[in-house]
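Visitor: Hi, I'm new to this one. Could you walk me through it?
Guide: Sure, let's take a look together.

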Amino acid sequence: MNCRTAEEMVNRYMNHTLSVEETEEFLNHIQKCSSCYDELETYFIVHEALQQLAEDEGETALDFRKLLGQDIRRARRHIRTVKAKHFMGEFAVLLFLAFLAGFLLFVMMEAGGYL
C-alpha cells in the first residue's frame with residue numbers, strides 16, 4: 001500500500017467501513033509509515049473532539065492518543081477474530097470431507113467393492 005491509498009482510507013477506517021482485509025492492510029501501513037500514522041492521529045483527534053462537543057460531555061478531557069491506540073488494538077482484535085472464524089470454518093469443512101471419504105471407503109469395503 002502506498003501513502004496516497006492510506007490517506008484515502010483514513011475516513012473509512014474511522015467510520016469502520018473498511019473490509020477486514022483493507023483494515024489489516026491499512027493498519028500494517030500506518031504501523032510502518034509515521035507520516036500516515038500522524039495524519040490518522042490528526043483526523044482521529046478532530047473526529048473525537050467534534051464528537052465530544054456534539055455529545056456535550058462538559059469539561060471531560062480525553063487522551064486522544066490513548067483512544068486512538070485503543071481503537072487500533074480493537075481493529076486488530078477484530079481482524080484476528082474474523083481470521084480465526086474463517087480458519088475454523090475451513091477446518092470444519094476439511095474434517096467433514098475426511099470423515100465422508102473414510103465413511104465411503106468403509107462402505108465400499110464392506111460391500112466388497114475394493115478400490
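Here is a short chat about some helices, a buried residue and the cysteines.

Guide: One heads-up: this is a predicted model, where local features need pLDDT of at least 70, side-chain atom pairs count only at pLDDT 80 or more, and totals for chains, interfaces and linings use all residues. Residues are numbered from 1 along each chain as its sequence is written, and side-chain values use heavy atoms, with hydrogens and water left out.

Visitor: Okay, where does Asp71 lie?
Guide: Asp71 is part of helix H4, residues 64–110. Helices are DSSP runs of H or I, at least four residues, numbered from the N terminus.

Visitor: Is Asp71 buried or exposed?
Guide: Asp71 is buried, at 13% relative accessible area. Buried means under 20%, exposed over 50%, and partly exposed in between, using a 1.4 Å probe and protein chains only.

Visitor: And which residues does Asp71 touch?
Guide: Leaving out residues up to four places away in sequence, Asp71 touches Tyr13, His16 and Phe44. Contact here means heavy atoms within 4.5 Å.

Visitor: New topic: how many disulfides are there?
Guide: The count is zero, taking a disulfide as a pair of cysteine sulfur atoms within 2.5 Å.

Visitor: Why is Cys36 not bonded to Cys33?
Guide: Their sulfurs are 3.6 Å apart, so that is too far for a bond. Cys36 is also buried, with a relative accessible area of 3%.

Visitor: Which residues in H2 are buried?
Guide: In H2, the buried ones are Val20, Thr23, Phe26, Leu27, His29 and Ile30.

Key. Helix = DSSP H or I, 4+ residues; strand = E, 2+ residues; numbered from the N terminus.
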